[in-house]
Amino acid sequence: MEAKRAAAELAVELLQDGMTVGLGTGSTVYYSIQAIGRKVANGLSIRAVATSVRSEMLAKELDIPMIPFSEVEEIDMTIDGADEADPEWNLIKGGGGALLREKIVADASKQLIIVVDESKLVQRLGRFPLPVEVVPFGFELTQRKLRRLGCEPKLRMSDSQLYMTDNGNYMMDCEFDSIAQPGRLSEELHRIPGVVEHGLFVGMASQVIVGRLDGTAYTLDRVRT
Ligand SMILES: O=C[C@H](O)[C@H](O)[C@H](O)COP(=O)(O)O
């Protein structure tokens, strides 16, 4: 908890007056949204868009000024979590089910700041099952096509019900041994018609902030290949 909070709060220090801010989703960004709420109460002037219904509700409770995504042309900075980050700052996201809106918001953002604790750092992506959002129509066929990419795709459940995203889609959690070429896998996933979006964020992060258990945080050095 202290590690998540440390990363989340350090990221919020990057915000400046006048910014349009993207609010990510998850238990790490929760602390960022809380910290933004405190800064807004103390006079920080920003407007925000959320990547999920639950982040939007939290932001509204904290009186963070929200604008509809339809009114946004460009987002200055988005703060979001991740399930894994590799040394090149490639990510797996979507453990909390919000990957589609997160990717749309990240793509519209000048800067994507990722906040994680040290347990999320990996040398190679794939230990965490890759979330893939699929349309309900023909999901069995989509599942078979995903399996042909070398993974075991499991339909996500929640309280014994099929998990449904904020967008009315299903989620397949795809277990790979490891992901050697995230960029290539991303392209292959996009070729499957039933796939709406997947949780690989390749080359999108502008910074990865890592929290330690002792409550300190640092920016991960980026290895370029
Ligand atoms: O769909 C959810 C998001 O991608 C989250 O940012 C990600 O799962 C990390 O969440 P947490 O900070 O709770 O580990």
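Start by selecting V116 and V210: V210, in β14, is the bridge partner of V116. Strands here, like helices, are DSSP runs numbered from the N terminus, with at least two residues of E for a strand and at least four of H or I for a helix. Now widen the selection to β6 (residues 109-117) and β14, which pair in the parallel sense over five bridges; two strands count as paired if DSSP finds at least two bridges between them.

Before going on, a word on what you have open. This is a predicted model, where local features need pLDDT of at least 70 and side-chain atom pairs count only at pLDDT 80 or more, while totals for chains, interfaces and linings use all residues. Residues are numbered from 1 along each chain as its sequence is written.

Stay on β14 and select residues 207-211. Four of these five residues are buried, so the strand is largely enclosed by the rest of the structure. (Buried means 20 or more other C-beta atoms within 10 Å of the residue's own, exposed means 12 or fewer, partly exposed is in between, and C-beta atoms are placed from the backbone.)

Next, add β15 (residues 217-219), which runs antiparallel to β14 and is joined to it by three bridges. For one pair to click on, take G211 and its bridge partner in β15, A217. The two strands form a hairpin with five residues between them, and in the turn you'll find G215 with a positive phi of about 90°.

Now hop to another sheet, an open one of three strands in the order β4-β5-β13, with antiparallel pairing. Colour β4 (84-85) and β13 (200-201): these are the edge strands, each with a single partner strand, so one side of each is left without a neighbour in the sheet. β5 (residues 91-92) meets β13 over two bridges, and L91 has F201 as its bridge partner in β13.

Then select the ligand and what surrounds it. Of the 17 residues around the ligand, G26, T28, G81, G95 and G96 come nearest; a residue is near if its C-beta atom, placed from the backbone, lies within 6 Å. The shell has three nonpolar, ten polar and four charged residues. In that scheme Ala, Val, Leu, Ile, Met, Phe, Trp, Tyr, Cys and Pro are nonpolar, Asp, Glu, Lys and Arg charged, and the others, Gly among them, polar.

Finally, zoom out. The protein chain has six helices and 15 strands, and its C-alpha trace spans about 50 × 35 × 35 Å along its principal axes. Of its 225 residues, 47% count as buried.
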